Amino acid sequence: MLDKLGVARALRELGALLQVQGENPFKVRAYEAAARSLEESREELEALVREGRLRSLPGVGEALEKKIGELHATGHTPLLDRLRSELPPGVLELMRVPELGPRKIARLRAELGVDGLDALEAACVAGRVREVPGFGEKTERKILEGLRRLRERPRRMLLPQAMALGERLLEHLRAGPGCRRADLAGSLRRRRETVGDLDLVAEADDPGALLDHFLRWPAVAEVLGRGGSALTARLASGEQVDLRAAPAGEYATLLHHLTGSQAHHRKLRGLARERGFALSERGLERLDGGGRLPVGSEEELYAALGLAFVPPELREDAGEVEAARDRTLPRELVRLEDVRGLVHCHTRFSDGRATVEEMARAADALGMEYLTITDHSPSAHYAGGVGLDRLRAQWDEIARVQELVRVRLLRGTESDILEDGALDYPDRILERLDVVVASVHSRFLQDEDQMTRRLVRAMRLPFFKIWGHALGRLLLEREPFACRVEEVLDAAAESGKAAVEVNGDPRRLEMQPAHLRLARARGLPVVLSVDAHSTAALGSLRWAVDTARRGWVTREAVLNALPATEFARAVRPAG
Ligand code: DGT
Ligand code: CA
Ligand code: CA
Ligand code: ZN
């Protein structure tokens, strides 16, 4: 017999095993969704089963109801038993190697009997993987590199995943006894592109009672540590949470402390000392023994140190402390509500999941003023790039849909930047587009010289406009490609018409903040894009805004904060 968390664990295992078997991703996700529903339900599993109410849980239908019932009653369900007998436990781990998918894993198991990470590493080192059909020496080397990275790097979360979890935990916490306020802190509050563990802070009359309440969250699997007003817990789904509670009067400095970054704090502690204070999570303590200076808010804290307020996204010791002292920080960073149009959207004409009409209606519903349709260009075979023959049909369709919606539709392309830096449509086509996003999608392994030359050449083309997802990284999967970014940005600035994209796809989040600042230093304007392949992904705009803020970007620098007509003028391919 399994309890609620036990059943959730079994469902996750089921999903993972099916994934290894190459089962369709929707089915796999259905098991994960059901596991999450169970973990978060406040009801007893016993009662849900007895009263036949399992299907009231989000994501639980008839088939899952049966499996959950069986797992709860007996600890077994036939499908899980069968999968466990077919697949050794180590095989699940193999799915974490970026180069391997279900098909490759099946082949490695059949040919070499590889049943886990250790066996895989041994087979690579012995040079046996390259002998397996479909692998080769290069793949073997990449697998070894992937294995090394896996061992070095503990799992981190992508931003939306961390935010969704953080917000649910926060809601639970705020409902606790005597909780006056609570906030997210740590790298999540700074909107780092990946998050290690979640940090939460709360103000409570009785911190101990609030911690007890927190631990009643059903998905808490284990308490890793607990002091008077602090605890660290592990959730059933693997994430770790640090929670700190403070009495009134210490909340602002505690929130500030847990927000970090450590490097930012180190600088502030130095400044505090110069002014005769010791800065800690409890407050500002006078070094001459004169007691504690009350700090009611983060604004007050910065003011007491003689600094302008530094927004959390900037607290990385990347020059922000000096700028706050010299009053040269940007006055106001771009905000979500500044953005008037959605840029970089794919439709079914290439690899998007929604039609032009669905995307347009969704943008309308979001109250947006314009939407750029930028499907992939012909060379992007892997993504159904739009050839010249279908481009005309797309323009007709855009014209038809324009009659139905308020949002202004702009027709464009996300053109591949080809191996030699050329764009992918002839100039006579490019000049008829409203907007051109250009990105590298292939040949990532060119060396730094080649890639720099390729991009510099692209920036200088007459119809080049917006540099899409700059260095092609995929967070937790693929490193950015090698390239001398400053040289490319110089060329973009000299061209006098280029802009850079902040890509809101949570797996991309480029440009990186440091590069954005280099772009802004050269006066290059910025476009906040969604790179959406579905209507839901239009919501990625918020991650683009977060990333832009981390790069010190203000509203004035953002082209899609302009009204439709001005935006259209600003992005029109020049010729
Ligand atoms: P993460 O979790 O790896 O994504 O990154 P953070 O920044 O959330 O790091 P974390 O969770 O270890 O700590 C949260 C904040 O707490 C950190 O930004 C600053 C503060 N903090 C943590 N450990 C220390 C420490 O040893 N010394 C100081 N001064 N501050 C610390
Ligand atoms: Ca953290
Ligand atoms: Ca932490
Ligand atoms: Zn792309």
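Mentor: Let's start with a definition: two strands count as paired if DSSP finds at least two bridges between them. Keep in mind too that the model is predicted.

Trainee: Thanks! With that rule, which residue in β10 stands opposite Leu284?

Mentor: Leu284 stands opposite Leu293 in β10. The general idea is that strands of a sheet pair through backbone hydrogen bonds, either parallel or antiparallel. Here, β9 (residues 283–286) and β10 pair in the antiparallel sense over two bridges. Glu285 also takes part, with Arg292 as its bridge partner in β10.

Trainee: What joins β9 and β10?

Mentor: They form a hairpin with five residues between them, and Gly289 in the turn has a positive phi of about 80°. On the other side of the story is β8, which a hairpin of two residues joins to β9. β8 and β9 pair in the antiparallel sense over four bridges, and Leu279 has Leu284 as its bridge partner in β9.

Trainee: In what order do these strands form their sheet?

Mentor: The order is β8-β9-β10, in an open sheet of three strands with antiparallel pairing. β8 (277–280) and β10 (292–293) are the edges; each has a single partner strand, so one side of each is left without a neighbour in the sheet.

Trainee: Which strands close into a barrel, and is the pairing parallel or antiparallel?

Mentor: Seven strands close in the order β11-β12-β13-β14-β15-β16-β17, and the pairing is parallel. For one example, look at β13 (residues 408–416) and β14 (residues 435–439), which run parallel and are joined by five bridges. Gly412 has Val435 as its bridge partner in β14.

Trainee: How should I read unusual backbone angles?

Mentor: Begin with the background: most residues other than glycine have a negative phi, and most peptide bonds are trans. Against that, His344 has a positive phi of about 75° although it is not a glycine. His344 is found in strand β11 (residues 341–345).

Trainee: And which residues are joined by cis peptide bonds?

Mentor: One cis bond joins Gly260 and Ser261, with omega about -5°. Ser261 lies in the loop between α13 (251–259) and α14 (262–274). Another cis bond joins Glu510 and Met511, again with omega about -5°. Met511 lies in the loop between β16 (499–503) and α22 (513–521).

Trainee: Let's zoom out. Into which domains is the chain divided?

Mentor: There are domain 1 (4–152), domain 2 (157–246), domain 3 (259–326) and domain 4 (336–571). Let's take domain 3 and domain 4, whose C-alpha centres lie 39 Å apart. Their contact takes seven residues from domain 3 and five residues from domain 4.

Trainee: How is the size of such an interface usually given?

Mentor: Often as the accessible area lost when the parts come together. Between domain 3 and domain 4 the buried area is about 500 Å², and carbon and sulfur atoms give 54% of that. On the domain 3 side, Glu313, Leu314 and Ala318 supply 76% of the area buried against domain 4, more than any other three residues.

Trainee: How many salt bridges are counted between domain 3 and domain 4?

Mentor: The count is one. The side chains of Arg549 and Glu313 meet in a salt bridge at 2.7 Å, N to O. Two residue pairs are in polar contact across the interface of domain 3 and domain 4. By class, the side of domain 3 that touches domain 4 has four nonpolar, one polar and two charged residues.

Note on methods:
Residues numbered from 1 in each chain as written. Chains lettered and ligands numbered in written order. Predicted model: local features only at pLDDT ≥ 70, side-chain atom pairs only at ≥ 80, totals over all residues. Heavy atoms only, no water. Domains from an automatic or database assignment. Contact = heavy atoms within 4.5 Å. Buried area = accessible area lost by both parts, 1.4 Å probe. Salt bridge = Lys/Arg side-chain N within 4 Å of Asp/Glu carboxyl O. Polar contact = N/O pair within 3.5 Å; in protein donor to acceptor, adjacent residues only side chain to side chain. Nonpolar A, V, L, I, M, F, W, Y, C, P; charged D, E, K, R; others polar.
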